[in-house]
Amino acid sequence: MTEADIPAVHELERRLFPVDAWPLQMFAAELAQADTRRYLVAERAGEIVGYAGLMCIQPIADVQTIAVVPDQEGQGIGSALLTELIRESRLRRAEDVLLEVRADNPRAQQLYRRYGFEQIHVRPRYYRDGVDALIMRLRLGTADSTTTPREADRP
């Protein structure tokens, strides 16, 4: 993701997460922290169809956001974005990758479980509309990291 991508990403953010959308300036602030952040976009036919972001402050990497436009879901875009975030976490020598996912989003939960994430906690009423957040973790810095599904190592 570059600064030039921010307006399109923000428009998608508002469309995909109307209740919890990040303000425009938050994307710029995140991109400005390259030493601890990594943001990506996925494009098809020159249009942004997905985006994702990671914050890594050792020993923890945290998936800040990941989104795919609904008409492109199920085509591997979310998997590709997540794969890259996990790869970046390893490059930055994180021991664990954490994320929050809406309790009412089983599709995303299933994706994360395929990559070896496990639910470790619930944050009640975390989202503005009162939905709980499931806290999920992928261990990278343990002997168990060798058992991460092969899918997580795809480019």
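A search of the whole structure, which is a predicted model, finds 11 salt bridges. Among them are a pair between Glu30 and Arg37, a pair between Glu73 and Arg107, and a pair between Glu118 and Arg137. The points below take up these pairs, then three buried residues, and then the largest pocket, which has a volume of about 1200 Å³.

**Salt bridges**

- Arg37 and Glu30 form a salt bridge in which the closest N and O atoms are 2.8 Å apart, and both Arg37 and Glu30 are buried.
- Glu73 and Arg107 meet through their side chains in a salt bridge with an N to O distance of 3.9 Å. This pair links distant parts of the chain, since Glu73 sits in the loop between β3 and α3 while Arg107 belongs to helix α4, 34 residues apart.
- Glu73 has a relative accessible area of 37% and is therefore partly exposed, and Arg107, with a relative accessible area of 47%, is likewise partly exposed.
- Glu118 and Arg137 are joined by a salt bridge between their side chains, at 3.1 Å from N to O. Here too the pair links distant parts of the chain, with Glu118 in strand β5 (residues 118-123) and Arg137 in strand β6 (residues 133-139), 19 residues apart.
- The two partners of this last pair fall on either side of the 20% cut-off under which a residue counts as buried: Glu118 counts as partly exposed because its relative accessibility is 37%, whereas Arg137 counts as buried because its relative accessibility is 17%.
- Arg38, Glu84, Arg87, Glu88 and Arg92 are joined into one network by salt bridges that share partners.

**Buried polar and charged residues**

- Glu84, a member of the network just described, is found in helix α3 and counts as buried because its relative accessibility is 17%, which is under the 20% cut-off.
- Leaving out residues up to four places away in sequence, Glu84 touches Arg38 and Leu40; the C-alpha atoms of Glu84 and Leu40 are 8.6 Å apart in space, although the two residues are 44 residues apart in sequence.
- Asp5, which lies in the segment before α1, is buried yet has no salt bridge, and the nearest side chain of opposite charge, that of Arg38, is 10 Å away.
- When its neighbours within four places in sequence are left aside, Asp5 is in contact with Val41, Glu43 and Ile48.
- Gln109 has its place in helix α4 and counts as buried because its relative accessibility is 9%.
- Not counting residues up to four places away in sequence, Gln109 touches Val101, Arg102, Ala103, Asp104, Leu134 and Met136.

**The largest pocket**

- The largest pocket has a volume of about 1200 Å³, and of the 39 residues that line it, the closest to its centre are Phe17, Ile66, Ala67, Asn105 and Tyr112.
- At least two residues of the lining of this pocket come from each of α1 (6-16), β3 (60-68), α3 (77-91), β4 (96-102) and α4 (106-114), and β3 gives the most, with seven residues.
- By residue class, the lining of the largest pocket divides into 19 nonpolar, 10 polar and 10 charged residues.
- Two helices that supply lining residues also hold residues described above, with Glu84 in α3 and Gln109 in α4.

How values were computed:
Residues are numbered from 1 along each chain as its sequence is written. This is a predicted model: local features need pLDDT of at least 70, side-chain atom pairs count only at pLDDT 80 or more; totals for chains, interfaces and linings use all residues. Side-chain values use heavy atoms; hydrogens and water are left out. On a 1 Å grid over the protein atoms alone, a cavity is a set of points where a 1.4 Å probe fits but cannot get out, and a pocket is an open set with protein on both sides within 12 Å along at least five of seven lines; lining residues have an atom within 4 Å of a point. Grid points are joined across faces, edges and corners, and a volume is the space filled by probe spheres set on the points. Helices (H or I, at least four residues) and strands (E, at least two) are DSSP runs, numbered from the N terminus. Ala, Val, Leu, Ile, Met, Phe, Trp, Tyr, Cys and Pro count as nonpolar, Asp, Glu, Lys and Arg as charged, and the others, Gly among them, as polar. Buried means under 20% relative accessible area, exposed over 50%, partly exposed in between (1.4 Å probe, protein chains only). Lys and Arg count as positive and Asp and Glu as negative; His and the chain ends are not counted. A salt bridge is a side-chain nitrogen of Lys or Arg within 4 Å of a carboxyl oxygen of Asp or Glu. Contact means heavy atoms within 4.5 Å.
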